[in-house]
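Work through the exercises below with the sequence and the structure at hand. Try each task before you read its solution.

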Amino acid sequence: MKKINIMIVCFLALNFFSCSSDDDSSSKNNDAEINAQEDEPLEINSVSSALIIEGATKKTGTLTPTGGLEFTMDYSKQSAFQRKGFEIEFNSASDYTGAYIQLKDENGTADSYFDVPRSEIYVSGKGEQTKKSRGFLKGKSAGKENDAIIEVNLAETVTAGTFCYVICLYDGEGNISEPTEVCVTVEAWGGNSDLVGTWNYTKQIENGREIKVTEEDCESFTNNICNEEYSVDECDILNSIQLKFNNDGTYELNTSQAEKYLNYQESEAACEVIYKESDFTYKSTGKWAYNEEENRLTLVIFSDVFDYGDEIESETYEFGDLGLDGPLDISNSTLKITESDSYDGVEIDIYEYFFEKE
């Protein structure tokens with residue numbers, strides 16, 4: 001009887017490991033299929049009709065550069081995200097009036113191009129951030145001070161795949177710069193089955209300083225109150241962060257936070273430091289993409305909610321908002337995501353976020 005039981009147990013164990021292996025193989029095959037979509041060339045006239053550049057005018061024909069204007073770009077390849085799109089970033093010492101953008105492939109250029117006036121091209125600044133605190137989501141920071149940026153969104157008809165574009169600058173004297181070509185990969189949603197599941201935040205390391213979940217993260221400074229200098233400590237506490245990745249490329253993020261900050265008006269009235277404390281939760285939903293070549297994770301937020309108890313702020317983003325973008329490291333049940341802010345090619349802030357899988 002014991003021999004039979006042992007045989008049954010061995011059979012069941014073999015069957016279990018065989019199924020696990022099959023599931024793992026199926027997941028990896030699915031990852032490969034998702035990521036293979038990104039290598040498919042997209043039809044440039046279809047993509048051109050689906051590009052959305054605020055304030056741009058669509059014109060028929062081809063560009064004829066004359067020279068006389070110079071500008072630089074630090075890249076020849078970049079990623080884009082469905083609906084969210086991408087940014088065209090360049091630097092120019094020339095006095096230009098606008099930019100021309102035209103899609104191209106190995107057979108030539110698209111039938112039309114975009115004329116983007118300078119008034120629609122914004123200039124970045126060092127340390128610029130797009131959003132207030134979302135827990136560990138810092139928001140996108142500008143890479144270089146004084147870089148010019150053109151925001152390009154994509155209509156829902158644009159799927160994962162590749163295309164290229166050329167960009168020229170022009171001025172009021174009829175000069176058109178020589179073109180610079182950039183090739184774009186529109187990332188597929190999902191693409192790494194190891195991420196699928198629920199992850200709980202444990203700690204972050206900010207520029208070498210470790211801050212564990214539920215620990216205070218404080219900033220000390222002085223502030224002038226009633227014409228005297230007072231020491232102030234403003235603090236944040238991340239009580240919990242839960243990040244869930246789904247097979248279909250969607251995600252959900254939930255955070256619980258507390259903060260203590262200077263109430264300047266009351267402090268000025270009392271001539272002493274008075275703090276205001278608040279607890280709030282944050283939730284965002286959207287899509288996630290995995291860049292297998294760079295081992296990089298990106299979250300694109302399509303809706304979020306701040307709940308302060310007595311006040312709720314909610315917002316939706318038609319073309320998405322970048323929430324997280326950085327390389328990742330998965331080891332057993334531990335996930336590390338790294339974000340960094342750079343200035344003139346030098347990393348000035350490095351954030352490492354650690355999670356454990358449920």
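**Exercise 1: Salt bridges**

The structure holds eight salt bridges. It is a predicted model.

Task: Find the partner of Lys203 in a salt bridge and state how exposed each partner is.

Solution.
- Step 1. Look for a carboxyl oxygen within 4 Å of the side-chain nitrogen of Lys203. Glu210 supplies it, with the closest N and O atoms 3.1 Å apart.
- Step 2. Check the cover. Lys203 has a relative accessible area of 23%, so Lys203 is partly exposed. Glu210 is partly exposed too, at 38%.
- Step 3. Recall the principle. Side chains of opposite charge can pair when their charged atoms come close.

**Exercise 2: A network**

Task: Which residues are linked with Arg209 in a network of salt bridges?

Solution.
- Step 1. Start with Glu206. Arg209 forms a salt bridge with Glu206, and the closest N and O atoms are 4.0 Å apart.
- Step 2. Turn to Asp217. The side chains of Arg209 and Asp217 meet in a salt bridge at 3.0 Å, N to O.
- Step 3. Join the pairs. Glu206, Arg209 and Asp217 form a network of salt bridges.
- Step 4. Compare each value with the cut-off: buried means under 20% relative accessible area. Glu206 has 18%, so Glu206 counts as buried. Arg209 is partly exposed at 38%. Asp217 is partly exposed at 22%.

**Exercise 3: An acidic residue without a salt bridge**

Task: Is Glu187 buried or exposed, and how far away is the nearest side chain of opposite charge?

Solution.
- Step 1. Place the residue. Glu187 lies in strand E11, residues 180–187.
- Step 2. Assess the cover. Glu187 is buried.
- Step 3. Search for a partner. The nearest side chain of opposite charge is Arg296, 8.7 Å away. Glu187 has no salt bridge.
- Step 4. List contacts beyond four places in sequence. Among them are Glu38, Ser79, Phe81, Gln82, Ala160 and Tyr290.

**Exercise 4: A buried glycine**

Task: Describe the surroundings of Gly326.

Solution.
- Step 1. Place the residue. Gly326 is found in strand E19, residues 312–331.
- Step 2. Check the cover. The relative accessibility of Gly326 is 0%, so Gly326 counts as buried.
- Step 3. Find the contacts, leaving out residues up to four places away in sequence. Gly326 touches Asn295, Arg296, Leu297, Ile337 and Thr338.
- Step 4. Take Thr338 from that list. Gly326 and Thr338 are 12 residues apart in sequence, and their C-alpha atoms are 5.3 Å apart.

**Exercise 5: Surface charge and the whole chain**

Task: Which residues form a negative surface patch? Then summarise the whole protein.

Solution.
- Step 1. Collect the acidic residues. The patch is formed by Asp39, Glu40, Glu292, Glu293 and Glu294.
- Step 2. Place one of them. Glu294 sits in the loop between strand E17 (275–291) and strand E18 (296–307).
- Step 3. Count the elements. The protein has three helices and 21 strands.
- Step 4. Assess the cover. The protein has 358 residues, and 40% of them count as buried.
- Step 5. Consider the surface. The accessible surface comes to about 19100 Å², and 46% of it belongs to carbon and sulfur atoms.
- Step 6. Consider the contacts. Among those between residues at least 6 apart in sequence, 65% join residues at least 24 apart.

Conventions: Residues numbered from 1 in each chain as written. Predicted model: local features only at pLDDT ≥ 70, side-chain atom pairs only at ≥ 80, totals over all residues. Heavy atoms only, no water. Patch = residues over 30% accessible without salt bridge, like charges linked within 9 Å, V, L, I, M, F, W, Y side chains within 5 Å. Areas by Shrake-Rupley, 256 points an atom, 1.4 Å probe, with all protein chains shown as cover. Lys, Arg positive; Asp, Glu negative; His and termini not counted. Charge placed at Lys NZ, Arg CZ, Asp CG, Glu CD. Helix = DSSP H or I, 4+ residues; strand = E, 2+ residues; numbered from the N terminus. Buried < 20%, exposed > 50% of the residue type's maximum accessible area, 1.4 Å probe, protein only. Contact = heavy atoms within 4.5 Å.
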